[in-house]
Amino acid sequence: MSRTATLGAALLLGVASLAVAPAQAATAAPSTTTLTLSTTASAFGQTVTASAAVATSPGPAEGDVVFAVDGLAYKANLGGSGTATLVLPRAGVGQHAVTATFVPADALQQQGSASAALPWAVAPARTRLQARAVGKGLRIPTYLAITVSGDFGTTPRGEVGVGLRRAGRRVDSATATLTGTVLRVGFGRLPRGRYRAVVRYRGDASHLPAQRVVRFRVRQR
């Protein structure tokens, strides 16, 4: 079922529960829904779990819980203990609102209820930047093998810049655009000597900038 369909079904069930005649509604057991999040401040790509506890008197509560993130709904089954959990979908960097709504299996027996909205703040993820020099011979082209990934397995986008120095003087520089997590920046055949390469990832909307320094020596081969 699509997200839109799930949300539509939840709304229809909620409206149906409110449409019960006053005499019938009075006999339905009231309920309360309490929402908790494993964390309310996470990094992009970090797993966050929402839990809802539904209490009815008399109980136990029977039905489903519809979790909503910024209005997009996701249904979860209510367990025998009166709780439901959901790993929240990946959300973009920024502020989000999470709610949980109990939708009873029988609106004549139990009343639905909704939790208070909880804030969920998503910050940019740290970037893991690794680089190593390959080749490093007078007759062998030298290149940098660069790996860029998010702290929680996400894939950064944007540009990586490399500055190459020998004996304190700039020898070469290059800029490349990430199309995946692995990048190769070549410098051709370099003269003998010691080199220092500064690799800078400039960051994107979901990932923080990062920098790595690589030192290597070109020898006769």
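Buried, in what follows, means a relative accessible area under 20%. Keep in mind that this is a predicted model.

Q: Is S115 buried or exposed?
A: S115 is found in the loop between strand 8 (113-114) and strand 9 (118-123). Its relative accessible area is 12%, and the cut-off for this class is under 20%. So S115 counts as buried.

Q: Which residues does S115 touch, not counting residues up to four places away in sequence?
A: We're still in the loop between strand 8 and strand 9. Leaving out residues up to four places away in sequence, the list for S115 is T33, L35, T99 and A100.

Q: How many helices and strands does the secondary structure of the protein chain come to?
A: The protein chain has 221 residues, and buried ones make up 39% of them. As for its secondary structure, the tally is 2 helices and 16 strands.

Q: What share of the contacts in the protein chain with a separation of 6 or more comes from residues 24 or more positions apart?
A: Take the contacts with a separation of 6 or more as the pool. Within that pool, residues 24 or more positions apart account for 62%.

Q: Which residues have the most contacts inside the largest nonpolar core?
A: In soluble globular proteins, nonpolar side chains tend to be buried together. Here the largest such core has 25 residues. Elements giving two or more residues to this core include strand 1 (31-37), strand 3 (49-56) and strand 9. Inside the core, the residues with the most contacts are V65, F67, L88 and W120.

Q: How many of the residues of strand 4 are buried?
A: Strand 4 (63-69) is among the elements that give two or more residues to the largest core. The strand is mostly covered, and out of its 7 residues the buried ones number 6.

Q: Which residue in strand 7 is the bridge partner of D64?
A: Strand 4 and strand 7 run antiparallel and are joined by 7 bridges. Across from D64, the bridge partner in strand 7 is V103.

Q: Which residue in the turn of the hairpin of strand 4 and strand 5 has a positive phi?
A: These two strands pair in the antiparallel sense over 6 bridges, with V66 standing opposite K75 in strand 5. The hairpin leaves 2 residues between the strands. In the turn, the residue with a positive phi, about 55°, is D70.

Q: Which strands stand at the edges of the open sheet in the order 13-12-15-16?
A: This sheet has 4 strands, and the pairing is antiparallel. The twist averages 15° from one strand to the next. Each edge strand has a single partner strand, so one of its sides is left without a neighbour in the sheet. Those strands are strand 13 (169-177) and strand 16.

Q: Which residue in strand 16 does R200 stand opposite?
A: Strand 15 and strand 16 pair in the antiparallel sense over 9 bridges. In that pairing, R200 stands opposite Q211.

Q: Why does the pair of Y195 and F216 count as stacked, and what is the angle of the planes?
A: The count comes to 1 aromatic pair, and it links Y195 in strand 15 (residues 193-201) with F216 in strand 16 (residues 210-218), 21 residues apart. Y195 is buried at 3% relative accessibility, and F216 is buried too, at 9%. The ring centres are 5.4 Å apart. Planes under 30 degrees apart count as stacked, so the label follows from an angle of 10°.

Q: Which residue's charged end sits over the ring of Y143?
A: Two cases of a charge over a ring are worth a look. The charged end of R90 sits over the ring of F44, 5.6 Å from its centre. Over the ring of Y143, at 3.7 Å from its centre, sits the charged end of R184.

Q: Which residue in strand 14 is the bridge partner of A145?
A: Strand 14 is in an open antiparallel sheet of 3 strands with the order 10-11-14. Strand 11 (residues 142-150) is joined to strand 14 by 6 bridges. The bridge partner of A145 is R184.

Q: How far apart in space are L183 and V148, C-alpha to C-alpha?
A: L183 lies in strand 14 (residues 182-188) and is buried, with a relative accessible area of 11%. Its contacts include L144, I146 and A176. L183 and V148 are 35 residues apart in sequence, while in space the C-alpha to C-alpha distance is 8.0 Å.

Key. Residues numbered from 1 in each chain as written. Predicted model: local features only at pLDDT ≥ 70, side-chain atom pairs only at ≥ 80, totals over all residues. Heavy atoms only, no water. Buried < 20%, exposed > 50% of the residue type's maximum accessible area, 1.4 Å probe, protein only. Contact = heavy atoms within 4.5 Å. Phe/Tyr/Trp six-rings, centres within 6.5 Å; stacked < 30°, edge-to-face > 60°. Lys NZ or Arg CZ within 6 Å of the ring centre and 35° of its normal. Core = buried A, V, L, I, M, F, W, Y, C linked by side-chain atoms within 4.5 Å. Pairing = 2+ DSSP bridges. Axes fitted to C-alpha atoms, helices over the stretch in contact; angles between N-to-C directions.
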